[in-house]
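User: Hi! I'm new to reading protein structures, and I'd like a close look at one part of this one. Could you walk me through a single strand and then the helices that come before it in the chain?

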Amino acid sequence: MAKRSIPKNAQARAALDFVSNLTLVGDASGQPFKPLPFQRDILSTIFGTLDAAGRRRINRVFLMLPRKQAKTYLVACVVLYWLLGRGLKGQQCLSIANDRAQAGLLFDMCRQMLAADDELSAVTEVIPSTKRITVQEAFSYYAALSTESTTKTGFNPSLVVVDEAQDITDGDLIKNITTGRTARDDYLTFFVGTAGKRKDTPFYAEYEYAKKWLAGVVENQNYFAWVYEATEDADWTDEKVWRATMPAYGKFCRAQAVREEFELAKEMPHKEQDFRQYLLNQWQIYADGAAKFCNDAPWMLNAGQPRSDGGEYFGGLDLASVNDTSSLVLFGRNSDGKFDVLPFVWVCEEQIAKRQTAQFDYDQWRRAGFLRVTPGGSQDQEVIARDIVELSNKYRIKKVAVDRWGTNWIAQALANSGLEVVGFGQGFQSMSPALKHLQKLILDGLLCHGGHPVLRWMVSNARVDSDAAGNIKLNKSKSDEKIDGVQSLAMAVGVQMDAATDVQFGVGRSVYEDGGLLVL
């Protein structure tokens with residue numbers, strides 16, 4: 001896009017004057033809102049770009065900003081100025097978000113900014129139950145909607161904000177609401193979001209259009225886009241790149257907090273993915289959609305030998321569905337204050353000869369004592385159960401965590417032998433706290449796993465999925481190879497956390513409370 005001048009006419013000044021009289025909330029509560037240069041640019045351009053007749057010209061805006069750049073403040077200013085600052089009646093302002101919680105964030109920001117302004121509070125009525133703000137004398141209102149709302153049609157909006165648009169997949173919803181404004185001469189559709197992980201969203205389609213518009217490939221005098229992103233070839237470790245990508249860096253966005261996130265990202269691949277997506281605004285779209293769990297270097301910094309000096313252990317057991325590997329990992333604090341990691345891995349006999357490559361050699365691992373062999377071509381749970389009972393005679397195993405599904409027989413067998421067996425969910429709710437705590441232990445060098453080669457190989461294979469809230473879980477289908485040892489270790493960490501903190505992370509219940517008994 002060619003270099004341009006930012007509007008400085010009366011309309012632009014009016015918008016800036018209005019928002020400059022608003023009050024910040026949250027940590028900066030009570031302070032006046034002083035727009036940063038990029039915010040002044042956006043507000044002046046939206047409200048001060050005029051056509052030949054002197055009317056506001058831009059009716060569609062795309063804004064892609066990294067997180068922590070005061071997006072919600074900026075959008076709240078647009079909503080409040082549209083609703084109250086322009087002196088127009090009959091305004092219908094809507095915001096759309098993916099869920100009720102997200103929809104409530106923008107509404108709450110508007111509500112709190114109004115509450116801090118006696119003059120604006122006097123002419124508005126705030127209805128939290130319906131997330132609605134009305135200006136009765138002007139017959140105008142603002143309402144925050146979500147994709148969960150039952151009402152999607154019948155609107156005649158003059159302003160539509162599509163908030164955190166990267167999370168919205170329902171393109172029909174946006175069409176239903178925005179097409180209702182065809183009777184309006186003065187209207188605005190405002191897409192706001194951060195880079196995501198999916199291409200099949202309305203926001204990504206709008207992003208592609210914005211990039212073409214910015215490059216001059218398409219022309220549209222009623223459109224405007226701001227895209228703050230690091231290019232694919234940018235050095236993501238360079239603070240100069242951070243400053244160029246995050247326009248509120250060092251202001252609303254604390255530089256020290258970004259540096260702390262960077263230090264984590266250097267060690268944990270999935271954290272690098274998060275850093276690139278949320279702070280550098282780089283789309284993280286992969287064929288398999290998953291990121292590595294841990295690099296080898298930090299893992300091997302924890303290769304000290306386990307002490308096995310009589311402490312208490314917690315176990316995680318992950319079973320193969322038919323053949324190949326099953327793992328039990330014991331996890332417990334030793335007398336040095338670190339945590340022993342004791343892996344035990346079983347493989348069926350027929351897989352030994354089949355699994356020999358340059359990367360791994362089952363027969364060599366078996367001969368070195370790192371693999372235990374069950375007879376035949378499939379996993380023998382009776383052998384595994386017998387081995388675990390023998391291990392319980394050597395180690396003080398307080399609990400063994402198992403997947404809640406498909407483990408009823410071995411769970412019953414272990415329980416009959418006097419072991420306490422607990423079910424452990426494999427989704428975000430249970431796995432995320434355990435995996436994140438495990439990562440912290442790795443980074444702090446608090447594990448002693450002895451460099452166990454099979455577990456090391458499995459760690460190198462492990463991939464994680466993340467959700468919009470930053471929770472993570474292991475993804476078996478997208479991992480390069482076997483990861484059951486990592487799954488087992490995470491479950492063992494999870495039940496140890498449960499015992500140490502007396503907090504329930506979706507664990508701690510008997511497996512039989514969820515799945516019932518399997519009768520053979």
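**A close look at strand β7**

Analyst: Happy to help! Let's start with one pair of residues: F62 has F191 as its bridge partner in β7. Please keep in mind that this is a predicted model.

That pair belongs to a longer match between two strands. Strand β1, residues 60-64, pairs with β7 in the parallel sense, and five bridges join them. β7 also has strand β6, residues 159-162, as a neighbour: these two run parallel and are joined by four bridges. If you want to find that pairing in the model, look for V160, which stands opposite T189 in β7.

Now look at β7 by itself. Is this strand mostly covered or mostly open? β7 spans residues 188-193, and six of its six residues are buried, so it is mostly covered. You can also sort its residues by the way they point. L188, F190 and V192 point one way, T189, F191 and G193 point the other way, and all of them are buried. For comparison with the whole protein chain, 53% of its 520 residues count as buried.

Next, the helices. Two packed helices are described by the angle between their axes and the distance between the axes. Take helix α2 (residues 37-48) and helix α3 (residues 71-85): their axes come within 11 Å and cross at roughly 30 degrees. Angles under 35 degrees count as roughly parallel, and α2 and α3 are therefore roughly parallel to each other. Their crossing is right-handed. On the α2 side, the contact is made by Q39, I42, L43 and F47, and on the α3 side by L74, V78, Y81 and W82. Seven of the residues in this contact are nonpolar, one is polar and none is charged.

Helix α3 has another partner, helix α1 (residues 10-20). The axes of α1 and α3 come within 10 Å and cross at roughly 110 degrees, which makes α1 roughly perpendicular to α3. Here Q11, A14, A15, F18 and V19 of α1 meet C77, L80, Y81, L84 and G85 of α3. This contact holds eight nonpolar residues, two polar ones and no charged ones. Notice Y81 of α3, which is listed in the contact with α2 and also in the contact with α1.

Finally, step back to the full protein chain. Its secondary structure comes to 19 helices and 19 strands, and its C-alpha atoms fill a box of roughly 85 × 45 × 40 Å along the principal axes. Among contacts between residues at least 6 apart in sequence, 72% join residues at least 24 apart.

Terms used: Residues numbered from 1 in each chain as written. Predicted model: local features only at pLDDT ≥ 70, side-chain atom pairs only at ≥ 80, totals over all residues. Heavy atoms only, no water. Axes fitted to C-alpha atoms, helices over the stretch in contact; angles between N-to-C directions. Parallel < 35°, antiparallel > 145°, perpendicular 65-115°, else oblique. Left-handed = near helix turned anticlockwise from the far one by under 90°. Contact = heavy atoms within 4.5 Å. Nonpolar A, V, L, I, M, F, W, Y, C, P; charged D, E, K, R; others polar. Buried < 20%, exposed > 50% of the residue type's maximum accessible area, 1.4 Å probe, protein only. Pairing = 2+ DSSP bridges.
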